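Dear colleague,

Please find the structure below. My notes on what was found in it follow.

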Amino acid sequence: MATVGRNIAAPLLFLNLIMYLIVLGFASWCLNRYINGQTNHPSFGGNGATPFFLTFSILAAVIGIASKLAGANHIRFWRNDSLAAAGSSSIVAWAVTALAMGLACKQINIGGWRGWRLRIIEAFIIILTFTQLLYVLLIHAGVFSSKYGPGYRDRDYATGQGHGHVPGTHAGEHKAGVGTTTMAV
């Protein structure tokens with residue numbers, strides 16, 4: 001029943017992963033050209049905001065790719081214990097991507113000649129800010145209703161009484177026949 005959020009989040013996760021990989025490739029190429037002093041390349045250009053924008057674009061791409069790996073694990077298992085890693089890493093990835101978007105807007109606002117690679121990075125960062133936010137909202141949709149996915153409402157999880165609870169015992173009580181021995185080394 002909780003496949004509604006999973007069916008929507010999985011393609012969005014794949015789209016964001018591909019876009020983050022493209023941003024990482026182009027931003028790395030541009031930063032390499034900038035460090036080598038080759039800013040007069042026809043597909044590069046830039047202005048005063050370029051080094052900061054490229055640095056935060058690479059940072060956002062690397063964190064976004066790592067976030068998508070945790071997200072793929074969550075999509076695979078679709079449980080609330082995998083939601084913690086996927087949710088927290090996707091929020092951090094979105095925050096750094098939003099910071100890079102602010103620098104992209106500043107770079108666009110300053111103006112000047114910007115090559116096609118810089119314009120692609122700017123466009124992808126702006127698009128990724130919104131698609132990453134949508135992804136964060138989708139994987140956290142289970143908080144509002146269990147039909148959208150796992151949430152943070154599993155009350156037995158904290159007490160350790162989940163599905164493995166032995167009937168007739170209280171939390172922490174030992175039941176005869178249940179082994180509690182430790183191995184001596």
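A charge sits over a ring if NZ of Lys or CZ of Arg is within 6 Å of the ring centre and within 35 degrees of the ring normal. Lys 68 lies in this way over the face of Tyr 135, at 3.9 Å from the ring centre. Likewise, the charged end of Arg 117 is placed over the ring of Trp 29, 3.9 Å from its centre.

This is a predicted model, in which local features need pLDDT of at least 70 and side-chain atom pairs count only at pLDDT 80 or more, while totals for chains, interfaces and linings use all residues. Residues are numbered from 1 along each chain as its sequence is written, and side-chain values use heavy atoms, with hydrogens and water left out.

The structure holds one aromatic pair (ring centres of Phe, Tyr or Trp, the last by its six-membered ring, within 6.5 Å; planes under 30 degrees apart are stacked, over 60 edge-to-face, the rest tilted). The centres of the Phe 26 and Trp 116 rings are 5.8 Å apart and their planes are at 80°, so the pair is edge-to-face. Phe 26 belongs to helix 1 and Trp 116 to helix 4, 90 residues apart (helices are DSSP runs of H or I, at least four residues, numbered from the N terminus).

The largest nonpolar core (buried Ala, Val, Leu, Ile, Met, Phe, Trp, Tyr and Cys residues joined through side-chain atoms within 4.5 Å; buried means under 20% relative accessible area, with a 1.4 Å probe and protein chains only) has 22 residues. Those with the most contacts inside this core are Phe 53, Leu 54, Ile 121 and Ile 125.

Yours sincerely

Notes
Buried < 20%, exposed > 50% of the residue type's maximum accessible area, 1.4 Å probe, protein only. Helix = DSSP H or I, 4+ residues; strand = E, 2+ residues; numbered from the N terminus.
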